[in-house]
Amino acid sequence: LARIAAGGKRALAEALAALEARPGDADVIALLDAAFAVPRAHVIGLTGPPGVGKSTLINALISHWRGAGLTVGVIVVDPSSEISGGALLGDRTRLTTDPQDDGVFVRSMATRGRLGGIAQLTVAATVLMRAIFDRVLVETVGIGQSETDIIELVDTTLFCVQPASGDSLQFMKAGIMEVPDVVAVNKADLGAAADRAAADVLAALSIAARGEGWSIPVHKVSAMSADGVPELAAVLEEHRGFLEQRGLLDGRRREQASGWLTEAIERRFGSFGLEQPEAQLQLEVGEGPFARLAEAQTALERRFTGAPAPAAVKKDLN
Ligand SMILES: Nc1nc2c(ncn2[C@@H]2O[C@H](COP(=O)(O)OP(=O)(O)O)[C@@H](O)[C@H]2O)c(=O)[nH]1
Ligand SMILES: [Mg+2]
C-alpha cells in the first residue's frame with residue numbers, strides 16, 4: 001500500500017489493473033483489507049441527471065483542492081456500458097486534468113452488465129483510493145439505480161440539479177431527495193432561474209428530511225466560473241465534520257462494508273446462499289470485508305458442490 005501511495009499514477013494504475021484482472025488473488029485481497037483499515041479521504045459522491053454539470057463541477061473542485069495542497073482521486077461510474085457498450089458517455093473525458101500532476105488521478109469504470117448494486121470493482125477501487133488521497137470523488141452518470149446505489153459507497157452524497165430543467169422536481173418525486181447530504185444548484189450564472197430551482201428544492205426538502213440531525217444545505221454554484229465552489233467545498237467539509245462529531249462516519253463505513261458482503265454473496269449464491277451459516281458475517285471494528293468475502297465464497301462453493309471442506313477452512317469458520 002505504501003509503495004502504491006508513493007508510486008504516483010503509474011503505480012496506482014497498475015494496482016487498479018490487478019484488482020480488475022485477478023480480484024480473487026490473496027495479495028489483492030490483503031491489499032484491499034489493508035487499505036480499508038486506513039481510510040484517509042473524505043469520499044464524496046456526485047449524482048444528478050446527465051448535463052447538469054457534474055464533470056465540470058468535479059474539475060472545479062479538483063482545482064480548488066489542488067490549490068489547497070490536497071490530493072484528489074476521481075472515479076467515474078459509467079452504467080451506460082450495460083446498454084451501449086460504453087458509447088453513450090461521449091463526454092466522459094470531459095475531465096481535463098494535468099497528466100504531470102500526481103496529486104490528481106481520474107479513472108472511469110464500466111459497470112458491465114451487473115444487475116443492481118455497486119460493482120465490486122468500483123467498491124475495491126474506492127477503498128484503495130480512499131487510503132491514498134485526501135479527497136475521493138465518485139461521479140455517476142445519473143441513470144436510474146446508480147443514483148441511489150452510490151450511497152453504499154460514499155461518506156457524503158452531493159446531488160446536483162440545474163435551473164429550469166424540471167429534473168429537480170422529477171427526482172424529488174421519485175424519492176431521490178432522501179438520498180443527498182448536500183444539494184448543489186449548478187449553473188447559478190443563469191440568474192433568477194437558479195434562484196427558483198433552489199427555492200423548489202428547499203421546499204421539497206422541508207417535507208423529506210433525512211434525519212440524523214443534519215439539515216441538508218442547498219448551495220448555488222457555477223461550476224463553469226467556479227463561483228461558489230470554495231463555499232461548496234466548505235459545506236462538504238462541514239458534513240464530514242458532522243459525521244465525525246456524531247461518531248457516524250465509522251459506523252456508516254462499517255455498514256457499507258457489511259452491505260457489500262451481503263450483496264456480493266447474494267449476487268453469486270442468491271438469497272438461499274445468504275441464509276447459510278457461512279454467510280453470517282459480522283465485521284469487527286476496522287476489519288475489511290475482502291478476506292471475509294473470499295472465505296465465505298469458498299465455503300459456500302464447497303457446500304453447494306458437495307465437496308467436503310478441508311479442516312483448515314472449517315476451523316476458520318468456527
Ligand atoms: N452556464 C453554465 N453551464 C455549465 C455550468 N457547468 C456546466 N455547464 C455546461 O453544462 C454542460 C454539461 O456539463 P457536464 O459537466 O458534462 O455535465 P454532467 O453530464 O453532469 O457531467 C456542458 O456544456 C457544460 O459546459 C455552469 O456552471 N454554468
Ligand atoms: Mg459527466
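Student: What makes strand 5 and strand 6 count as paired, and how many bridges join them?

Tutor: In this predicted model, four bridges join strand 5 (residues 156-161) to strand 6 (residues 182-185), and because a pair requires at least two bridges, the two strands, which run parallel, meet the criterion. One of the bridge partners can be named: C160 is matched with A184 in strand 6.

Student: Why are strand 3 and strand 7 called edge strands?

Tutor: The open sheet has seven strands in the order 3-2-4-1-5-6-7, with parallel pairing. Strand 3 and strand 7 (218-220) each have a single partner strand, so one side of each is left without a neighbour in the sheet. Neighbouring strands are turned by 20° against each other on average, direction ignored.

Student: Why is S55 called buried, and what about E139?

Tutor: Buried means under 20% relative accessible area; S55 stands at 9% and E139 at 6%, so both residues fall under the cut-off and count as buried.

Student: How do you know that S55 and E139 are donors to the magnesium ion (ligand 2)?

Tutor: The OG atom of S55 and the OE atom of E139 coordinate the ion at 2.1 to 2.4 Å, and because the limit for donors to this metal is 2.8 Å, both qualify. The pair links distant parts of the chain, with S55 in helix 4 (residues 54-67) and E139 in strand 4 (residues 135-140), 84 residues apart.

Student: Which residues touch the most other members of the largest nonpolar core?

Tutor: Of its 46 residues, these are L12, L19, L128, V138 and I265, while helix 6 supplies the largest share, seven residues.

Technical notes:
Residues are numbered from 1 along each chain as its sequence is written. Chains are lettered from A and ligands numbered from 1 in the order in which they are written. This is a predicted model: local features need pLDDT of at least 70, side-chain atom pairs count only at pLDDT 80 or more; totals for chains, interfaces and linings use all residues. Side-chain values use heavy atoms; hydrogens and water are left out. Donors are N, O and S atoms within 2.8 Å of the metal (3.2 Å for Na, K and Ca); water is not among the atoms, so sites may look incomplete. Buried means under 20% relative accessible area, exposed over 50%, partly exposed in between (1.4 Å probe, protein chains only). A nonpolar core is a set of buried Ala, Val, Leu, Ile, Met, Phe, Trp, Tyr and Cys residues joined through side-chain atoms within 4.5 Å. Axes are lines fitted to C-alpha atoms, for helices over the stretch in contact, and angles run from 0 to 180 degrees between N-to-C directions.
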